[in-house]
Amino acid sequence: MTQSENTTDPAEPTRAAQPSDEGDGYDPEFLGTPSPVPMPTGPGLLELTYTHFTIHQDPDRRMPAATAVNIDGASLVEIERGGESWRLDDRIDEDQQWGPELYSNNRFDRGHLVRRQDPLWGDQDTAERANLDTFHYTVCAPQADYFNQGRELWLGLEDYILEHAGAHEQRLSVFSGPVFDVGDPEYRGAMIPRKFFKIGAWSTGPGEDGATLACTGYILDQSNGLEQVLHPGAREAPALGAYRTFQVPVSDIAQLTGLDLGPLPGADRYSVPRGARGVAQRWREITGFADVAL
């Protein structure tokens, strides 16, 4: 993991985005599949569009329930992080989103649910606007600050899928969000998610049968070591193993989150082992990209 992701900076930077309701958010037709791929959604969520991505905010949990971003791997723009300021989104009420009161003076990072680099494509001005858009509190959720191989793997999944899935014209749509649970621990009035989901979707490209939608799903579990972050007096979190990443059936993500995932479960490339029972047998822990099945 690099310092450009999820890190709470000690100094407040200076550049801030100005999102617009007319911004070109997530495009369901971006992959060019015969049918559009709508973003995951559910009742009572608030839609906020940004440059190349959209979030559905849960006003009760005050975090995104789902995010959706289009990635054009052929026209990505490299923008170094520096000078951006985190800000609330003025389009919704302050009591519908967590701000600095949740992340200050503790060991929680503002974890990008839309990876900062993902929407940075197109012309330079558009990419600059997308970069600033990712620095809204509505785009993040609290993630523990310990660094290890598991988080690096999680952050690199988009790149791996683009490189190895044979995505037509190097286009990918990524959906992510917390897995809200009634048993999540409370901290400063916020319920801290123990798990997060991610789904990468792509088109197999033109062929005899036309373009076909394909996807794979993943769960990040930050449960190990979370108590050490919630309670500063506890011992240090373990250097390795604090984050665990699993490749999982997309249908399991739908069941865990209660979100409508549209055509994604039917396009899942992950094959559950025959006769598998329960999470231990249905979910495949991945410790490196070689473990990912596309």
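Two strands count as paired here if DSSP finds at least two bridges between them. In this predicted model, strand β6 (residues 171–179) clears that cut-off with β9: seven bridges join the two, and they run antiparallel. Within this pair, Phe 175 sits opposite Ile 199 of β9.

The β6/β9 pair belongs to a bigger arrangement, an open sheet of eight strands in the order β1-β2-β3-β6-β9-β10-β11-β12, with antiparallel pairing. At the edges stand β1 (46–49) and β12 (284–286); each has a single partner strand, so one side of each goes without a neighbour in the sheet. On average, neighbouring strands of the sheet are turned by 20° against each other, ignoring direction.

Helix α5 (residues 250–257) packs on this sheet, where it touches β6, β9, β10 (213–221) and β11 (244–248). The direction of α5 makes about 55° with that of β10. As for burial, Val 250, Asp 252, Ile 253 and Ala 254 of α5 are buried, and the elements covering the buried residues of the helix include β9, β10, β11 and α6 (278–282). Just past the end of α5, Gly 258 adopts a positive phi of about 75°.

Another antiparallel pairing links strand β4 (residues 108–112) to β5, this time through five bridges. Here Gly 111 faces Ala 141 of β5. Strand β5 (residues 140–144) is mostly covered, with five of its five residues buried. In a regular strand, side chains alternate between the two faces of the sheet. In β5, Cys 140, Pro 142 and Ala 144 point one way, while Ala 141 and Gln 143 point the other, and all are buried.

Then there is the empty space. Rolling a probe the size of a water molecule over the atoms shows where such space is left. The structure holds one cavity of 30 Å³ or more, and the largest cavity contains about 90 Å³ of space. Its lining is made up of His 112, Leu 113, Arg 115, Gln 143, Trp 154, Leu 155, Glu 158, Ser 176, Phe 196, Phe 197 and Lys 198. Sorted by class, the lining of the largest cavity comes out as five nonpolar, three polar and three charged residues. Both α3 (149–164) and β9 (195–203) supply at least two residues each to that lining. Strand β9 thus turns up in several places: it is bridged to β6, it is touched by α5, and it helps line the largest cavity. Gln 143 also has two roles, as a buried residue of β5 and as part of the cavity lining.

Notes:
Residues are numbered from 1 along each chain as its sequence is written. This is a predicted model: local features need pLDDT of at least 70, side-chain atom pairs count only at pLDDT 80 or more; totals for chains, interfaces and linings use all residues. Side-chain values use heavy atoms; hydrogens and water are left out. On a 1 Å grid over the protein atoms alone, a cavity is a set of points where a 1.4 Å probe fits but cannot get out, and a pocket is an open set with protein on both sides within 12 Å along at least five of seven lines; lining residues have an atom within 4 Å of a point. Grid points are joined across faces, edges and corners, and a volume is the space filled by probe spheres set on the points. Helices (H or I, at least four residues) and strands (E, at least two) are DSSP runs, numbered from the N terminus. Ala, Val, Leu, Ile, Met, Phe, Trp, Tyr, Cys and Pro count as nonpolar, Asp, Glu, Lys and Arg as charged, and the others, Gly among them, as polar. Axes are lines fitted to C-alpha atoms, for helices over the stretch in contact, and angles run from 0 to 180 degrees between N-to-C directions. Contact means heavy atoms within 4.5 Å. Buried means under 20% relative accessible area, exposed over 50%, partly exposed in between (1.4 Å probe, protein chains only).
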